[in-house]
Amino acid sequence: MLEIFSKWKANLTSADLPDQAEEGKLPQHIAIIMDGNGRWAKQKGLPRIAGHREGMKVVTKIVRVASNMGIEVLTLYAFSTENWKRPKKEVDYLLGLPERYLKAELPKLIENNVQVRLIGTTDHLPDHTLRAVEKAVKDTESNTGMILNFALNYGSRYEMLEAVKSIGRLIEEGKLTADSLTEETIHAHLMTSQLNDPDLLIRTSGEIRLSNFMLWQLAYSEFWFTDVLWPDFKEQDFVEAIAVYQKRKRRYGGV
Ligand code: IPE
Ligand code: IPE
Ligand code: MG
């Protein structure tokens with residue numbers, strides 16, 4: 001793991017790099033808002049979907065490097081609950097991508113011991129998309145390597161609303177009382193109940209916002225933003241984000 005990290009680090013020129021890559025400080029969970037596909041395509045005079053196609057290739061690369069480096073969880077924001085506002089043609093293309101990606105990559109994910117997981121709502125998702133992702137989850141469930149968590153048809157406010165509803169139901173049934181609720185109760189009812197919170201959030205394309213992504217889970221995460229558009233994002237950018245993360249001092253409100 002460290003060897004691979006050193007290899008990538010050796011190519012970096014940024015003055016921000018830490019003196020040493022400390023294995024203990026590798027972020028365990030990295031979440032990425034993969035943004036800028038449309039602008040990438042526009043710059044090249046191509047239709048937006050050409051940007052999404054190129055973005056999928058970057059997913060393949062980043063998943064491989066993250067898994068090789070020993071990252072424990074990689075969450076990728078693939079489609080938000082707000083992305084339904086886009087033209088139908090684009091939505092259809094975006095919702096076809098998980099299937100295309102998995103068709104090409106599932107055997108390699110299995111070989112690399114990766115566990116595919118899903119957060120988001122299945123509402124309105126096309127059957128073929130759901131079947132492909134559910135098959136990947138099932139085929140990789142006994143793996144023990146990196147968790148590759150796709151946020152597909154995911155929205156954080158929806159997630160929290162659903163959590164509140166299910167906790168409310170338990171209170172109505174007399175199984176819980178309002179006073180007994182803790183932060184752990186909320187954590188346990190989120191779609192990420194099986195995961196630790198992200199240590200590092202990466203967003204590409206120069207937008208500095210969360211766009212309804214993991215609002216609860218990112219409470220104490222480190223953020224790293226880059227102007228690079230997702231289709232141009234390289235392994236080296238990913239490693240740079242980690243290197244910057246390693247220099248951060250996480251205080252959690254302490255001194
Ligand atoms: C990210 O790229 C892909 C998704 C949101 C699914 P965009 O399609 O948002 O690209 P821009 O932001 O329009 O450039
Ligand atoms: C966030 O990007 C969603 C995904 C990357 C899947 P958007 O491009 O949809 O976000 P906004 O519209 O710029 O906030
Ligand atoms: Mg965008």
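## What counts as near

A residue is near a molecule if one of its heavy atoms lies within 4 Å of it. The structure discussed here is a predicted model, and the report looks in turn at the surroundings of its ligands 1 and 2.

## The surroundings of ligand 1

There are 13 residues around ligand 1, and those that come nearest are Asp-35, Gly-38, Arg-39, Arg-48 and Arg-86. Sorted by class, the residues of this shell divide into three nonpolar, five polar and five charged.

Some of these residues place an N or O atom beside an oxygen atom of the ligand, and both backbone and side chain take part. For Gly-36, a backbone N or O atom lies 3.3 Å from an oxygen atom of ligand 1, while for Gly-38 a backbone N or O atom lies 2.9 Å from an oxygen atom of ligand 1. Arg-39 uses its side chain instead, with a polar atom 2.7 Å from an oxygen atom of ligand 1. Taken alone, ligand 1 exposes 370 Å², and the protein buries 87% of that area.

## Where ligand 1 sits

The space that ligand 1 takes up is the largest pocket. Three elements each give two or more residues to the shell around ligand 1, namely helix H2 (37-43), helix H3 (48-69) and helix H4 (88-111). Which of the elements gives the most to this shell? That element is H2, which contributes three residues to the shell around ligand 1.

## The surroundings of ligand 2

The residues around ligand 2 include Asp-35, Tyr-77, Ala-78, Phe-79, Arg-209 and Ser-211. By class, this shell has five nonpolar, two polar and four charged residues. Asp-35 and Arg-86 appear in the list for ligand 2, and Asp-35 and Arg-86 are also among the residues that come nearest to ligand 1.

Side chains make the contacts described here. A polar side-chain atom of Asp-35 lies 3.2 Å from an oxygen atom of ligand 2, and the corresponding distance for a polar side-chain atom of Arg-209 is 2.8 Å, again to an oxygen atom of ligand 2. In the case of Ser-211, a polar side-chain atom lies 2.6 Å from an oxygen atom of ligand 2. How much of the area that ligand 2 exposes when taken alone does the protein bury? Taken alone, ligand 2 exposes 390 Å², of which the protein buries 78%.

## Where ligand 2 sits

The space taken by ligand 2 is likewise the largest pocket. Strand E2, made of residues 73-80, supplies the largest share of the shell around ligand 2, with three residues.

Technical notes:
Residues are numbered from 1 along each chain as its sequence is written. Chains are lettered from A and ligands numbered from 1 in the order in which they are written. This is a predicted model: local features need pLDDT of at least 70, side-chain atom pairs count only at pLDDT 80 or more; totals for chains, interfaces and linings use all residues. Side-chain values use heavy atoms; hydrogens and water are left out. A polar contact is a pair of N or O atoms within 3.5 Å; within protein, one must be able to donate a hydrogen and the other to accept it, and residues adjacent in sequence count only if both atoms are side-chain atoms. Accessible areas come from the Shrake-Rupley method with a 1.4 Å probe; for residues, only the protein chains shown count as cover. On a 1 Å grid over the protein atoms alone, a cavity is a set of points where a 1.4 Å probe fits but cannot get out, and a pocket is an open set with protein on both sides within 12 Å along at least five of seven lines; lining residues have an atom within 4 Å of a point. A molecule sits in a cavity or pocket if more than half of its atoms lie within 2 Å of its grid points. Helices (H or I, at least four residues) and strands (E, at least two) are DSSP runs, numbered from the N terminus. Ala, Val, Leu, Ile, Met, Phe, Trp, Tyr, Cys and Pro count as nonpolar, Asp, Glu, Lys and Arg as charged, and the others, Gly among them, as polar.
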